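Hi,

Here is the structure I said I would pass on. Have a look at it first, and then read my notes below.

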Amino acid sequence: MGIALGGLAMGVLIGPPYGAFMYEWVGKEAPFLILATVSLLDGVLQLIVLKPAVRKNEMNGPSLKELLMDPYILVAAGAITFANMGIAMMEPSLPIWMMDTMHAEKWELGAAFLPASISYLIGTNLFGPLAHRMGRWRCSLIGMVSIGVCLICVPQARKLVHLILPNGGLGLAIGMVDSSMMPTMGHLVDIRHVAVYGSVYAIADAAFCVGFAVGPALSGTIVRTLGFDWMLYGIAVVNILYAPLMYFLRDPARNEEKRSLIMNEECPVKYVTYNQTNGGAKDDDGDDDW
């Protein structure tokens with residue numbers, strides 16, 4: 001999961017610095033032409049290497065409606081949405097704020113996101129296995145509080161170098177949440193529904209996309225009405241207030257049938273073992289005859 005999210009980091013968060021550098025030194029058409037070529041080559045390689053085919057699954061997985069009615073899945077999806085909404089709000093508004101307050105050059109507008117890109121890549125690979133040991137709910141809780149603290153620190157910057165620490169911490173914290181909640185979504189399906197993961201990961205991906213769709217859409221209006229500082233303060237408070245909900249994912253309620261299989265509860269039928277060498281006498285294991 002960490003490797004998969006690392007690929008996501010390379011695509012989503014490295015986009016701004018890549019576009020800024022290419023626009024500054026090559027031209028505005030260059031980044032799109034290069035991306036189109038790479039995407040075409042990637043599609044061809046997938047057809048050759050993966051050989052995609054449609055395979056009918058014998059198990060009927062839970063419906064989207066059933067999963068969306070599950071409060072634990074909604075809590076996990078909400079964490080993914082709010083954790084990514086902060087950086088999504090910053091992407092269109094931070095460059096404008098930097099030009100107004102720092103008089104930043106074009107390449108600096110994209111370079112400001114580079115610490116978040118690198119730390120997110122590190123965080124998803126580091127906290128993938130680490131979150132399993134420390135508890136995914138705890139890792140996500142710490143991550144959301146850290147996101148709030150980093151977002152509050154961003155408006156205090158007055159130079160480009162001042163953005164390195166809060167943006168780096170922001171990327172690391174988002175990596176903590178994403179690498180914890182994505183496996184949690186699959187675990188919730190295992191213990192509460194049928195172990196078919198297509199629908200639940202569709203919800204997880206949709207939650208991620210909602211954050212990156214709603215964030216930029218709201219940022220312009222909020223910045224114009226309240227200002228850049230208060231926009232980040234607001235989403236920081238939302239993350240901090242949402243963080244305690246992660247405690248409910250500590251020990252989610254299990255489906256009764258799943259509980260019996262996973263927890264290996266005592267079977268209601270008791271068996272008596274007889275030793276044939278002792279004339280059929282029952283082994284002395286303390287069980288009563290029945």
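To start with a small detail: which backbone oxygen lies 3.4 Å from a polar atom of the side chain of S179? The backbone oxygen belongs to M176. S179 itself sits in helix α9, which covers residues 164–192, and counts as buried at 2% relative accessibility. Please keep in mind throughout that this is a predicted model.

Now the overall picture. The chain has 12 helices and zero strands, so if you read along the sequence you just get α after α. Of the 290 residues in the chain, 39% are buried.

Helix α9 kept turning up as I went through the model. Besides S179, helix α9 holds S180, and S180 is buried with a relative accessible area of 0%. In space, S180 and H132 are 7.9 Å apart from C-alpha to C-alpha, with their positions 48 residues apart in sequence.

Salt bridges next. Side chains of opposite charge can pair when their charged atoms come close. How many salt bridges does a search of the whole structure find? It finds two. In one of them, the side chains of R192 and D70 meet at 2.8 Å, N to O. R192 is in helix α9 while D70 is in the loop between α4 (64–68) and α5, so this pair ties together parts that are 122 residues apart in sequence. Is D70 buried or exposed? D70 is buried, at 2% relative accessibility; the cut-off for that word is under 20%.

The other salt bridge joins D251 and R254, whose closest N and O atoms are 3.3 Å apart. Here D251 is exposed, with a relative accessible area of 56%.

D251 and R254 also appear in the lining of the largest pocket. That pocket has a volume of about 200 Å³. Its lining is made up of G135, R136, W137, M181, T184, H187, L249, R250, D251, P252 and R254. Two elements, α8 (136–153) and α9, give two or more residues to the lining. Helix α9 supplies the largest share, three residues.

On the surface, there is a nonpolar patch to look at. L40, V44, L45, L47, I48, V49 and L50 form the patch, and together they have about 740 Å² of accessible area. One of them, V44, lies in helix α3 (residues 30–49). With a relative accessible area of 40%, V44 is partly exposed.

Two single residues are also on my list. The first topic is backbone geometry. Most residues other than glycine have a negative phi. What is the phi of H103 near? It is near 55°, a positive value in a residue other than glycine. H103 is in the loop between α5 (71–101) and α6 (106–111), and H103 is exposed, with a relative accessible area of 65%.

The other residue is G220, in helix α10 (residues 198–225). G220 counts as partly exposed at 37% relative accessibility. The C-alpha atoms of G220 and S93 are separated by 7.1 Å, although the two residues are 127 residues apart along the chain.

If you only have time for one stop, I would open the model at helix α9: S179 and S180 are there, as is R192 of the salt bridge with D70.

Cheers

Conventions:
Residues are numbered from 1 along each chain as its sequence is written. This is a predicted model: local features need pLDDT of at least 70, side-chain atom pairs count only at pLDDT 80 or more; totals for chains, interfaces and linings use all residues. Side-chain values use heavy atoms; hydrogens and water are left out. Helices (H or I, at least four residues) and strands (E, at least two) are DSSP runs, numbered from the N terminus. Buried means under 20% relative accessible area, exposed over 50%, partly exposed in between (1.4 Å probe, protein chains only). Patches are made of residues with over 30% relative accessible area and no salt bridge: like charges are joined within 9 Å, nonpolar side chains (Val, Leu, Ile, Met, Phe, Trp, Tyr) within 5 Å. Accessible areas come from the Shrake-Rupley method with a 1.4 Å probe; for residues, only the protein chains shown count as cover. A salt bridge is a side-chain nitrogen of Lys or Arg within 4 Å of a carboxyl oxygen of Asp or Glu. A polar contact is a pair of N or O atoms within 3.5 Å; within protein, one must be able to donate a hydrogen and the other to accept it, and residues adjacent in sequence count only if both atoms are side-chain atoms. On a 1 Å grid over the protein atoms alone, a cavity is a set of points where a 1.4 Å probe fits but cannot get out, and a pocket is an open set with protein on both sides within 12 Å along at least five of seven lines; lining residues have an atom within 4 Å of a point. Grid points are joined across faces, edges and corners, and a volume is the space filled by probe spheres set on the points.
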